[in-house]
Amino acid sequence: TLKLCEYNKNAHVWGYDIWDLNGHLDQFTHNHSKKSVESSLKQNGVNNFTLYQVDTIGKRKEFERKLASDLNGRQIDFAFVDAEHSYIGIKNDFEIVYPHLANHGVIAFHDTLMIDGCREFVLDLRTKYFDGTFDIVDFPFGMSDRRCGVSLLVKRSYAKTDRTIDQICGSLSDPATIENN
């Protein structure tokens, strides 16, 4: 969250987290509280954030209303989903965030290599839920032997832009054919 705030000084960062025991089997404890994270961010000189404690699964409607209210008609450029880690948890967050994603928006899903629910949902994004409006790219990275994985969902915006090809560098096709395709 600190890096998101630092890199986006002219934007606002919202964070929604349970800050409590979580995981489909209640197997994850939190190392920090909402209060400690807010304090740390302020100590590091950032103030372009708002954090909420909310159970995004158990209180889904509350989360949906809060997100819509915070966005106030704006769209999301970048979302980092470090969900409850179950299939249901990551799917739930996707279903709530995706309708608000800007045409050029990106969702980063965390722990998609090492946790079953996250990995299976990303697989289903490629198959069961794929509607042609996004692409998925996987990065199986992490630290030492603990490679957690990050998958990026990138919205396809070419079909929704009025930006035309204005530089010719030797393609096999003419610009009109490329844009049409």
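In which hand does H4 pass H5 in their crossing? The crossing is right-handed. The structure is a predicted model, and this pair of helices is a convenient place to enter it.

Two packed helices are described by the angle between their axes and the distance between the axes. Helix H4 covers residues 87-97 and helix H5 covers residues 116-126. Their axes come within 7 Å and cross at roughly 50°. That angle falls outside the ranges for roughly parallel, roughly perpendicular and roughly antiparallel, so it counts as oblique, and H4 and H5 are therefore oblique to each other. On the H4 side, the contact is made by Tyr87, Ile90, Lys91 and Phe94. H5 contributes Gly117, Cys118, Glu120, Phe121, Asp124 and Leu125. Sorted by class, the contact of H4 with H5 has six nonpolar residues, three charged residues and one polar residue.

The spacing along H4 can be read against helix geometry. An α-helix has 3.6 residues a turn, so residues three or four places apart point the same way. Among the H4 residues in the contact with H5 are Tyr87, Ile90 and Phe94.

H4 also has neighbours besides H5. Eight of its 11 residues are buried, so H4 is largely enclosed by the rest of the structure. The buried residues are Tyr87, Gly89, Ile90, Asn92, Asp93, Phe94, Ile96 and Val97. They pack against H3, strand E3 (76-81), strand E4 (101-110), H5 and strand E6 (150-155).

One residue on the H5 side can be followed further. Asp124 lies in helix H5 and has a relative accessible area of 10%, so Asp124 is buried. Leaving out residues up to four places away in sequence, Asp124 touches Tyr87, Tyr129 and Phe130. Tyr87 is one of the H4 residues in the contact between the two helices.

Beyond H5, the loop between H5 and strand E5 (134-139) holds Thr133. Is Thr133 buried or partly exposed? Its relative accessible area is 24%, which means that Thr133 is partly exposed. The Thr133 side chain makes a polar contact with the side chain of Tyr98 at 2.6 Å. Another polar contact, of 2.6 Å, joins the side chains of Thr133 and Asp131. Neighbours within four places in sequence aside, Thr133 is in contact with Tyr98, Val154, Lys155 and Arg156. Leu153 is 20 residues from Thr133 along the chain, and the C-alpha atoms of these two residues are separated by 9.9 Å.

H3, one of the elements against which the buried residues of H4 pack, covers residues 60-71 and includes Leu71. Leu71 has 6% relative accessibility and therefore counts as buried. Apart from residues up to four places away in sequence, Leu71 touches Ile76 and His100. The C-alpha atoms of Leu71 and Trp14 are separated by 9.5 Å, with their positions 57 residues apart along the chain.

The last residue to consider is Asn48, in the loop between helix H2 (34-43) and strand E2 (49-53). Asn48 counts as buried because its relative accessibility is 10%. Which backbone oxygens does the side chain of Asn48 reach? The Asn48 side chain reaches the backbone oxygen of Cys5 at 3.2 Å and the backbone oxygen of Asn8 at 2.9 Å. With neighbours within four places in sequence left aside, Asn48 is in contact with Cys5, Asn8, Lys9, Ala11, His12 and Val13.

Technical notes. Residues are numbered from 1 along each chain as its sequence is written. This is a predicted model: local features need pLDDT of at least 70, side-chain atom pairs count only at pLDDT 80 or more; totals for chains, interfaces and linings use all residues. Side-chain values use heavy atoms; hydrogens and water are left out. Helices (H or I, at least four residues) and strands (E, at least two) are DSSP runs, numbered from the N terminus. Buried means under 20% relative accessible area, exposed over 50%, partly exposed in between (1.4 Å probe, protein chains only). A polar contact is a pair of N or O atoms within 3.5 Å; within protein, one must be able to donate a hydrogen and the other to accept it, and residues adjacent in sequence count only if both atoms are side-chain atoms. Contact means heavy atoms within 4.5 Å. Axes are lines fitted to C-alpha atoms, for helices over the stretch in contact, and angles run from 0 to 180 degrees between N-to-C directions. Angles under 35 degrees count as roughly parallel, over 145 as roughly antiparallel, 65 to 115 as roughly perpendicular and the rest as oblique. A crossing is left-handed if the near helix is turned anticlockwise from the far one by less than a right angle, and right-handed if clockwise. Ala, Val, Leu, Ile, Met, Phe, Trp, Tyr, Cys and Pro count as nonpolar, Asp, Glu, Lys and Arg as charged, and the others, Gly among them, as polar.
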